[in-house]
Amino acid sequence: MSAVLPSSATLYDRVRRVIPPIEWPFFVEDIDAILNLKRQRNAVILAHNYQTPEIFHCVADIVGDSLALARKAMTVDAEIIVLAGVHFMAETAKLLNPDKTVLIPDLGAGCSLAESITAEDVRLMRQRYPSVPVVTYVNTSAAVKAESDICCTSGNALAVVKSLRVPRVIMLPDEYLAKNIAAQTKVEIIAWKGRCEVHERFTAADIRELREAHPGISVLAHPECPPEVVAEADFAGSTAAMSDYVARHRPARVVLMTECSMSDNVAVEHPEVDFVRPCNLCPHMKRITLRNIRTALEENRHVVTIDPHVAERARWAVERMLFV
């Protein structure tokens with residue numbers, strides 16, 4: 001294993017609160033290799049908030065939730081984009097950067113929501129509800145986006161629904177996100193039955209138990225959680241909104257009802273806040289590692305491609321969302 005170089009040594013100062021010293025040497029060689037490869041290949045790494053700290057804080061150039069990554073992907077000045085996240089995010093980056101090479105380190109990094117619906121399902125929904133606009137969560141394949149009128153993220157879903165100025169919309173595929181948005185608007189929302197395999201496991205009883213064990217704790221929930229969880233929480237919002245909440249309010253103790261690595265990444269920025277961690281891991285996000293990011297840059301894999309006809313229609317739905 002190579003010696004700790006100044007670049008990685010400096011980086012450890014940033015993450016020492018969430019990565020034990022005994023683990024750090026196992027990351028150093030890959031971190032230094034990735035930093036060098038990015039310079040050599042004119043590459044950038046986009047990392048979702050659910051990536052582990054050694055990726056999120058040590059090799060990523062752009063970080064955030066799905067909406068932030070979609071927006072920032074359009075401003076990237078690089079020849080290669082490596083998406084440290086799941087496959088639909090890499091597809092979205094490719095849609096917005098058709099002339100750049102987009103790499104996904106592991107083709108198995110999927111999403112239970114994206115797998116819950118197909119383009120044919122959307123066409124059938126349109127037949128059942130003619131003239132009702134389709135709002136599609138970004139957690140879907142490009143083929144599904146191509147059948148949609150506009151995309152949304154958990155951070156802008158309410159704004160997207162209101163922007164359509166219609167009494168009724170179809171929202172796909174997250175059932176809980178649709179129900180949580182419906183509670184905030186008079187617009188009738190027709191939901192699909194997709195669910196996030198991470199967020200659907202949280203319960204209102206979990207929150208009550210946390211409050212009993214940690215009096216005064218602030219509970220923040222992702223809107224992919226069941227409505228009864230959102231109702232019990234002190235705040236509900238996207239991963240970016242949860243991070244902003246911690247930054248603004250600086251609660252003494254907080255729990256984030258979302259994917260486990262999110263707490264580690266926010267904790268790096270707020271050492272004064274005590275994070276309680278109910279750990280639900282996303283098995284798909286965790287398929288992305290330093291080692292396969294390094295391999296992606298070394299071997300140019302795996303290149304994300306989208307059928308041009310599908311890409312044109314899907315790009316329109318994503319770009320329309322970005323202007324809401």
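Which helices, α4 and α5 among them, each supply at least two residues of the lining of the largest cavity? Both α4 and α5 (87-96) do. Keep these two helices in view. The model is predicted, and this tour starts inside it.

The structure holds 2 cavities of 30 Å³ or more. The largest has a volume of about 270 Å³. It is lined by 28 residues, and the closest to its centre are Tyr50, Asn139, His199, Glu224 and Met285. By class, this lining divides into 13 nonpolar, 12 polar and 3 charged residues.

Now take the second largest cavity. It holds about 90 Å³ of space. Helices α4 and α5 appear again, as each supplies at least two residues of this lining. The largest share, 5 residues, comes from α5. Among the lining residues are Leu46, Ser66, Phe88, Leu96 and Val138. The classes here are 10 nonpolar, 2 polar and no charged.

Next, turn to the records. An unreviewed UniProt entry gives the annotation "binding site" to His48, Ser66, Tyr137, Val138, Asn139, Ser154, His222, Pro223, Glu224 and Thr239. From this set, the lining of the largest cavity takes in His48, Ser66, Tyr137, Val138, Asn139, Ser154, His222, Glu224 and Thr239. Three of these residues deserve a visit.

Start with Val138. It sits in the loop between β5 (134-137) and α7 (142-145). Is Val138 buried or exposed? Its relative accessibility is 3%, so it counts as buried. Beyond its neighbours within four places in sequence, Val138 is in contact with Ser66, Phe88, Lys145, Cys151, Cys152, Thr153 and Met321. Val138 also belongs to the lining of the second largest cavity, as do Ser66 and Phe88.

Asn139 lies in the loop between β5 and α7. It counts as buried because its relative accessibility is 8%. Leaving out residues up to four places away in sequence, Asn139 touches Ser66, Phe88, Cys111, Leu113, Ala114, Pro173 and Glu224.

That last contact leads to Glu224. This residue is in the loop between β9 (218-221) and α11 (227-232). Glu224 is buried, because its relative accessible area is 5% and the cut-off is under 20%. Which side chain makes a polar contact with the side chain of Glu224? The partner is Tyr137, at 2.5 Å. Outside its neighbours within four places in sequence, Glu224 contacts Leu113, Tyr137, Asn139, Asp174, Tyr176, Cys196 and His199.

Cys196 opens another thread. UniProt, in an unreviewed entry, lists Cys111, Cys196 and Cys282 for "binding site". These residues span 172 residues in sequence, yet no two of their C-alpha atoms are more than 9.3 Å apart, so they gather at one spot. The lining of the largest cavity takes in Cys111, Cys196 and Cys282.

Look at two of these cysteines in turn. Cys196 is in the loop between β8 (188-191) and α10 (204-213). It counts as buried, at 10% relative accessibility. Residues up to four places away in sequence aside, Cys196 touches Ser112, Leu113, Asp174 and Glu224. Cys282 is in the loop between β12 (274-276) and α14 (290-299). It also counts as buried, at 11% relative accessibility. Apart from its neighbours within four places in sequence, Cys282 is in contact with Val198 and Glu259.

Leave the cavities for a pocket. The largest pocket has a volume of about 290 Å³. It is lined by 19 residues, and Asn49, Phe56, Val63, Gly64 and Ser243 are the closest to its centre. At least two lining residues come from each of β2 (62-64), α4 (66-73), α12 (239-249) and α13 (260-269). The lining has 7 nonpolar, 7 polar and 5 charged residues.

The last stop is His57, in the loop between α3 (53-56) and β2. His57 is buried, with a relative accessible area of 8%. Its side chain makes a polar contact with the side chain of Arg14, at 3.3 Å. A polar atom of the His57 side chain also lies 3.1 Å from the backbone oxygen of Asn265. Setting aside neighbours within four places in sequence, His57 is in contact with Leu11, Arg14, Val15, Asn265, Val268 and Glu269. One of these, Val268, gives a link back to Val138. The two are 130 residues apart in sequence and 27 Å apart in space, C-alpha to C-alpha.

Notes:
Residues numbered from 1 in each chain as written. Predicted model: local features only at pLDDT ≥ 70, side-chain atom pairs only at ≥ 80, totals over all residues. Heavy atoms only, no water. Helix = DSSP H or I, 4+ residues; strand = E, 2+ residues; numbered from the N terminus. Buried < 20%, exposed > 50% of the residue type's maximum accessible area, 1.4 Å probe, protein only. Contact = heavy atoms within 4.5 Å. UniProt positions renumbered as here; feature names shortened; annotations may be inferred. 1 Å grid on protein atoms, 1.4 Å probe; cavity = no way out; pocket = protein on both sides within 12 Å on 5 of 7 lines; lining within 4 Å. Polar contact = N/O pair within 3.5 Å; in protein donor to acceptor, adjacent residues only side chain to side chain. Points joined across faces, edges and corners; volume = space filled by probe spheres on them. Nonpolar A, V, L, I, M, F, W, Y, C, P; charged D, E, K, R; others polar.
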